[in-house]
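Got the viewer open and the mouse ready? Let's take a walk through this chain, one selection at a time.

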Amino acid sequence: MWYHKPVVNKELLQSLPNLRIVASSGVGIDHLDLNLLSSFGVKVSNTPFVVSTDTADLGMALMLASSRRLVEGYEMAVSPDTEYFPADWLGTEVSGATLGIVGMGTIGYKVAERAKAFEMKILYHNRSQRKKEEESAVGAVYCKKIDDLLQQSDFVLLAVNLTPQTHKLIGKRELELMKPTATLINISRGLIVDQDALVEALQNKVIKAAALDVTYPEPLPRDHPLLKLKNVIITPHIGSATKKTRRIMMEEMIESIQAGLAGLPIPHEVL
């Protein structure tokens, strides 16, 4: 499966009685019905670790681009109507700011490693607390309650898997807990955020800005209000989109398929 295609449903599984394995690119498996696949005796694999470095890089890129208003700045610099650069056109500091990471898995931790180099104060919320030595290595402080993280952070970065528990994890209540000067960054899945609530929060300056690599749907309808807001940066779900990573993803999928067909242990099998 590449870009969630083809759709694996009951009809497809019934039409492929000899199907042994579905190898899905990327880390997310929210597009797959694991119980349905298991009932047909079909195994599933993904490519969870290869995407982490590039996705963490993009998370930092979105934070920097949003805070320093790079897209607006580019538009100003190349506009045929620009006669001068205004002196009061200002961005927000990243170095020394507080970053709250929601989801401290492999990607979230790699973001923390990068943020440490920017001398950021790092908070994180996760299902379970990291080991003390892992926290110390990046200077991260665990927030058992997500509310504490939201209230303190200048940047809130989402790096969680989409599950029934994280569906619309960030809604109206959570956005109102954030600082009015805060920025929301989403590099996980669009459905982690209540998009209607986000539009309202951005329009009413409940939060300052958002930087999104993911939305729902993808792409957004061309008349969607998020596309009209100056305080939003949206990229086309390119967290893992580098030549090297995409090649390794394909190689790992092939490796899993070959193992599955040979009856061998499947690398990165989703259980």
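## Start with the annotated spans

Select residues 60-239: an unreviewed UniProt entry labels this span "domain: D-isomer specific 2-hydroxyacid dehydrogenase NAD-binding". Keep in mind as you look around that this is a predicted model. The C-alpha atoms at the two ends of 60-239 are 11 Å apart, and the span is 32% helix and 16% strand.

Now widen the selection to residues 2-270. UniProt, again in an unreviewed entry, lists these as "domain: D-isomer specific 2-hydroxyacid dehydrogenase catalytic". Here the end C-alpha atoms lie 16 Å apart, with 36% of the span in helix and 13% in strand.

## Colour by domain

Next, try two colours. Give one to domain 1, which is made of 10-49 plus 241-262, and the other to domain 2, which runs 52-234. Put a marker at the C-alpha centre of domain 1 and another at that of domain 2, and the markers will sit 30 Å apart.

Zoom in on where the colours meet. Seven residues of domain 1 touch six residues of domain 2. Together the two domains bury about 550 Å² between them, and carbon and sulfur atoms account for 39% of that. Which three residues of domain 1 supply more of the area it buries against domain 2 than any other three? Select Val-27, Asp-30 and Phe-49: they give 66% of it.

## Look into a pocket

Switch on a surface and go to the second largest pocket, which holds about 350 Å³ of space. To get to its centre, select Ser-66, Arg-69, Glu-72, Lys-230 and Asn-231, the closest of the 20 lining residues. Then show helix H3 (52-67), helix H4 (70-78) and strand E9 (232-234), since each of these elements gives two or more residues to the lining. What mix of residues do you find around this pocket, counted as nonpolar, polar and charged? The lining has eight nonpolar, six polar and six charged residues.

## Find the enclosed space

How many cavities of 30 Å³ or more are there? The count is one. The largest cavity has a volume of about 40 Å³. To see what surrounds it, select Asn-186, Gly-190, Val-193, Gln-195, Leu-198, Leu-212 and Val-214. Four of the lining residues of this cavity are nonpolar and three are polar, with no charged ones.

## Stop at some backbone oddities

Before the last stops, a bit of background: most peptide bonds are trans, and most residues other than glycine have a negative phi.

Follow the chain into the loop between strand E8 (209-212) and E9, where you'll find Pro-217. The peptide bond leading from Tyr-216 to Pro-217 is cis, with omega near -5°. Keep going in that loop between E8 and E9 to reach Pro-219. Glu-218 and Pro-219 are also joined by a cis peptide bond, with omega about -5°.

One more selection: Glu-119, in the loop between helix H5 (106-117) and strand E4 (121-125). Is its phi positive or negative? Phi of Glu-119 is near 60°, so you're looking at a positive value in a residue other than glycine, whereas most such residues have a negative one.

Notes:
Residues are numbered from 1 along each chain as its sequence is written. This is a predicted model: local features need pLDDT of at least 70, side-chain atom pairs count only at pLDDT 80 or more; totals for chains, interfaces and linings use all residues. Side-chain values use heavy atoms; hydrogens and water are left out. On a 1 Å grid over the protein atoms alone, a cavity is a set of points where a 1.4 Å probe fits but cannot get out, and a pocket is an open set with protein on both sides within 12 Å along at least five of seven lines; lining residues have an atom within 4 Å of a point. Grid points are joined across faces, edges and corners, and a volume is the space filled by probe spheres set on the points. Ala, Val, Leu, Ile, Met, Phe, Trp, Tyr, Cys and Pro count as nonpolar, Asp, Glu, Lys and Arg as charged, and the others, Gly among them, as polar. UniProt positions are given in the numbering used here, feature names are shortened, and annotations may be inferred rather than shown by experiment. Helices (H or I, at least four residues) and strands (E, at least two) are DSSP runs, numbered from the N terminus. Domain bounds come from an automatic or database domain assignment. Contact means heavy atoms within 4.5 Å. Buried area is the accessible area (1.4 Å probe) that two parts lose on being put together, summed over both.
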